[in-house]
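Reader: I'd like to go through this one label by label. Please set each value against its cut-off as we go.

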Amino acid sequence: FYILLILFLLLPFIQVKALMDATLLPRYVLAAIASLAFLALAFRIIREQKMPFYLCIASGGFLLVQVLSVFSAYNAVESYFTLSRYAVALSYFWVILALLRSGMLSLPQFLKAGLLFGAIASTATLFELWTSLSNGDFFDDIYQINGTFSHKNLLASGLMLALPLNLAAWALLKKGWRTAAAVTSFLIVLEIFVLRTRGVWLGTLGAFVATTLLYLMTKKRERLPIKLIAIIGALILESARVLIILLILYPSLFQKSEVLNSSNIEKRLAFWQNSIDMIAEHPATGVGAGNWKLIFPKYGLAKVDDSVMQGITHIQRPHNDYLWVWAEAGPLGLLFYLALFFLGFSRTVNNIRHSTDRGWRVLNYFLFFGLTAYLLFSFGAFSLERAPLTILFFPLISLAFSPIK
C-alpha cells in the first residue's frame, strides 16, 4: 500500500527538465521501479495467483505481436523504447491485478491512492489557474496551464481518468475520505471544463451518457448508483455554467481557444489519412513498433503545418491510438488491444448484472465510466504513450477482475 501511495504521490511531479520530453521517460521509470518493488516484496504471492485466461491472452498477445513487429521495423532501435513502455505498462497491470486478487491490496487502499493523485493534480492546477487569472495571463494563453504535467491536454486527460476513482472514493469510503473525495471530484470536473480540451470533453460527456444508459438497462431496486450518476451530471452542468459565465465575461476566451478552431481537426485528419495509407501498404505486419513517426512523411505533408513541411517540426504520433497500434503492429496487434477493452467492458457489465452487493455494483459503474472515457479520448489522442494515463487506466480493468465485493 505504501509503495502504491508513493507511486501515486510522485507520479504527478517527477520530471527531468534536461530531456526533450521532461515527463515521458521519467514517469515510466517510476512505474518500472514501483512494479519491481511490488515483485520484490510479494513475488511468491504474485506468482501463485491464477490470472484470468482471456485477459492473459489479450495482454500477452498484444506484447508478443509488438515484439514480433520489430522484424518489420525500418529502425529497430526505435522499437526497443516503445517495447519497453509496453512491457512496463503491462507488467504494472499484471502485478496490480495479482495484488488485488490476492488481497494484498484492498479496494479502499486503491481508492485512497487514486484520491491522493486526484487531490495533488487538481490542487496544483487550481493554484496555477488562480495565479494565471490574477495576472490576467489565463485569457492570453490557456496552454500555460499544465499543472504538474508537460501539456495542458495531458493534464486534462489525467484529471479525466482520476475522476472515476475519486467518484468511487466519494461513494464508498467513509468520513473524512468521503469529504475529501467530494471536494476533489468537484475540482476535477470544474478544471476539465475550464481547460477546454475537446477530446476530454468528449470522453467525459460520452462516458456520462454511456454510464447513464447502462444504469437504465441494468438498474435494480437500490437507488444509490443513480444518485451518484445524478451527482456527476450536476457537477458537469455546474462546471459548464462556470465556463459559460467566463466566456460571456471574457469573449476573448472563445477567440483564442481551441473550442472553435478547426485547424487541429484538419491536421489530425491528415495524420489519420497518412496512417490509413501506411496500413494499406503494410497490411499484415505493420511498420514496426515505434516506427510510425519515421514513415509518416512518406505519405505526404500537404495538409500539415509549414514547419512540418520544412522539417522544423517532426510529427511523432497520429493522435489516434487505434490507428497507431494498427499501423505499427498490424491488425493482430489492434485486435489484442481492443480485446482488453472488450474484456474490461464485459466484466464490468457482468459484475453489475449479477452482483447483489450495492457497493460492488457502484464501483463497476465508475469502472465502466473510466473505461468509456479512455476509449473515446484515445480516438483523438495518444493515451497509450503516457505513463499517468496507463497507470490510471489498467487498474480499472484490474479492479473489475478482482474478487473484491
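Reader: Why is Asp 21 called partly exposed?

Author: Its relative accessibility is 22%. Buried means under 20%, exposed means over 50%, and partly exposed is what lies in between, with a 1.4 Å probe and protein chains only. So Asp 21, at 22%, gets the middle label. Mind that this is a predicted model, where local features need pLDDT of at least 70 and side-chain atom pairs count only at pLDDT 80 or more, while totals for chains, interfaces and linings use all residues. Numbering runs from 1 along each chain as its sequence is written, and side-chain values use heavy atoms, with hydrogens and water left out.

Reader: What makes the contact between Arg 386 and Asp 21 a salt bridge?

Author: The label asks for a side-chain nitrogen of Lys or Arg within 4 Å of a carboxyl oxygen of Asp or Glu. Here the closest N and O atoms are 2.6 Å apart, so the pair meets the 4 Å limit. Arg 386 sits in the loop between helix H15 (358-377) and H16, and Asp 21 in the loop between helix H1 (2-10) and H2, so the bridge ties together parts 365 residues apart in sequence. Those helices are DSSP runs (H or I, at least four residues), numbered from the N terminus.

Reader: And Arg 386 itself, buried or exposed?

Author: Buried: its relative accessibility is 6%.

Reader: Which other residues join that pair in a network?

Author: Asp 21, Arg 317, Glu 385 and Arg 386 are linked by salt bridges. Glu 385 pairs with Arg 317, again with closest N and O atoms 2.6 Å apart. Glu 385 is in the loop between H15 and H16 and Arg 317 in the one between helix H13 (306-309) and helix H14 (321-354), so this pair ties together parts 68 residues apart in sequence. Glu 385 counts as buried at 6%, and Arg 317 counts as buried at 12%.

Reader: How many salt bridges are there in the whole structure?

Author: Six. One of them, Glu 48 with Arg 44, has an N to O distance of 3.4 Å, so it also falls within the limit. Both residues lie in helix H2, four residues apart, which is about one turn of the helix.

Reader: What makes the space lined by Thr 23, Arg 386 and others a cavity?

Author: On a 1 Å grid over the protein atoms alone, a cavity is a set of points where a 1.4 Å probe fits but cannot get out, and lining residues have an atom within 4 Å of a point. The structure holds one of 30 Å³ or more, and about 70 Å³ of space lies in the largest; that volume is the space filled by probe spheres on grid points joined across faces, edges and corners. Among the lining residues are Thr 23, Leu 24, Phe 149, Leu 154, Arg 386 and Pro 388. Helix H2 (24-48), helix H6 (152-172) and helix H16 (387-400) each give two or more residues, with the largest share, three, from H16.

Reader: How do the lining residues divide by type?

Author: Six nonpolar, three polar and two charged. Arg 27 and Arg 386 are on the lining list, and Arg counts as charged, as do Asp, Glu and Lys; Ala, Val, Leu, Ile, Met, Phe, Trp, Tyr, Cys and Pro count as nonpolar, and the others, Gly among them, as polar.

Reader: What makes Phe 81 eligible for the nonpolar surface patch?

Author: Patch residues need over 30% relative accessible area and no salt bridge, and nonpolar side chains (Val, Leu, Ile, Met, Phe, Trp, Tyr) are joined within 5 Å. Phe 81 is at 34%, so it clears the area cut-off while still counting as partly exposed. It sits in helix H4 (residues 76-102). Its partners are Val 16, Leu 19, Leu 25, Val 29 and Ile 33, and the patch covers about 460 Å², with areas from the Shrake-Rupley method and a 1.4 Å probe, counting only the protein chains shown as cover. H2 gives the most, three residues.

Reader: What makes the phi of Lys 175 worth a remark?

Author: Most residues other than glycine have a negative phi. Lys 175 has a positive one of about 55 degrees. It is in helix H7 (residues 175-195) and is exposed at 75%. His 319 also has a positive phi of about 55 degrees, but lies in the loop between H13 and H14 and counts as buried at 16%.

Definitions and conventions:
1 Å grid on protein atoms, 1.4 Å probe; cavity = no way out; pocket = protein on both sides within 12 Å on 5 of 7 lines; lining within 4 Å. Patch = residues over 30% accessible without salt bridge, like charges linked within 9 Å, V, L, I, M, F, W, Y side chains within 5 Å.
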